[in-house]
Amino acid sequence: MSTPTEIAERRTRVRHLAQSGASNRRIADALGVSKDTVRRDLAAEPDPDEPPVVSQRERLAQRVAHAERAVSQACAAAQAVAYVRPAAVFTDDATAERWWRTLREAADQLGAAADAFAAYYPAATE
């Protein structure tokens, strides 16, 4: 049997995981409890000192805003690199190799993100 303190701590962890977008099944697996326990914990009255649970609509709005900022920052970084033209900067071979590797890795990651986006939104990327 769990103590009231252990239950309160588990409920706090359940709420935090739920706010981050984890499913009840994933939360149950992570905490080693049943899905029913997760459901009851989410339905229980929260501790008044705990921040309120964010609704699914609010979480989605936060994720959209975060994605908007990330895409904007990636574009700004690409524009800054294009403006500086690092290939035209005289530097030592080790630095040039490091810049090339870093740019190639970033380009690969951005390419994979663009491909995933196109697969998820084909009508928007035709």
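**Exercise 1. Is Asp36 buried, partly exposed or exposed, judged by its relative accessible area?**

Work through this one on the predicted model.

*Step 1.* Start with the value: Asp36 has a relative accessible area of 43%.

*Step 2.* Now the cut-offs: buried means under 20%, exposed means over 50%, and partly exposed is what lies in between. Asp36 is therefore partly exposed.

*Step 3.* Look at its partner. Arg39 makes a salt bridge with Asp36, and the closest N and O atoms are 3.9 Å apart. The cut-off is within 4 Å, so the pair counts.

*Step 4.* Place the pair. Both residues sit in helix H3, three residues apart, which puts about one helical turn between them. Arg39 is partly exposed too, at 46%.

**Exercise 2. Find the salt bridge of Asp41 and work out which parts of the chain it ties together.**

*Step 1.* Asp41 pairs with Arg11, with 3.1 Å between the closest N and O atoms.

*Step 2.* Asp41 belongs to helix H3 (residues 35-43) and Arg11 to helix H1 (residues 4-19), so this bridge joins parts 30 residues apart in sequence.

*Step 3.* Check the surroundings of each end. Asp41 is buried, with a relative accessible area of just 1%, whereas Arg11 is partly exposed at 28%.

*Step 4.* Widen the view: Arg10, Arg11 and Asp41 are linked in a salt-bridge network. The total for the model is five salt bridges.

**Exercise 3. Describe the salt bridge between Asp108 and Arg104.**

*Step 1.* The closest N and O atoms of this pair are 3.7 Å apart.

*Step 2.* Both residues are in helix H5, four residues apart, or about one turn of the helix.

*Step 3.* Asp108 comes out as partly exposed at 46%, and Arg104 is partly exposed at 42%.

**Exercise 4. Set out the linings of the largest pocket and the second largest pocket.**

*Step 1.* Take the largest pocket, with a volume of about 530 Å³. Its lining has 16 residues, and Ala67, Glu68, Val71, Ala113 and Phe117 lie nearest the centre.

*Step 2.* Helix H4 (56-84) and helix H5 (93-120) are the elements that each give two or more residues to that lining. H4 has the largest share, with nine residues.

*Step 3.* Sort the lining of the largest pocket by class: 14 nonpolar, no polar and two charged residues.

*Step 4.* On to the second largest pocket, at about 200 Å³. Gln19, Ser20, Gln56 and Arg59 are among the residues lining it, and H4 again gives the most, with five residues.

*Step 5.* Sort this lining as well: two nonpolar, five polar and two charged.

Notes
Residues are numbered from 1 along each chain as its sequence is written. This is a predicted model: local features need pLDDT of at least 70, side-chain atom pairs count only at pLDDT 80 or more; totals for chains, interfaces and linings use all residues. Side-chain values use heavy atoms; hydrogens and water are left out. On a 1 Å grid over the protein atoms alone, a cavity is a set of points where a 1.4 Å probe fits but cannot get out, and a pocket is an open set with protein on both sides within 12 Å along at least five of seven lines; lining residues have an atom within 4 Å of a point. Grid points are joined across faces, edges and corners, and a volume is the space filled by probe spheres set on the points. Ala, Val, Leu, Ile, Met, Phe, Trp, Tyr, Cys and Pro count as nonpolar, Asp, Glu, Lys and Arg as charged, and the others, Gly among them, as polar. A salt bridge is a side-chain nitrogen of Lys or Arg within 4 Å of a carboxyl oxygen of Asp or Glu. Buried means under 20% relative accessible area, exposed over 50%, partly exposed in between (1.4 Å probe, protein chains only).
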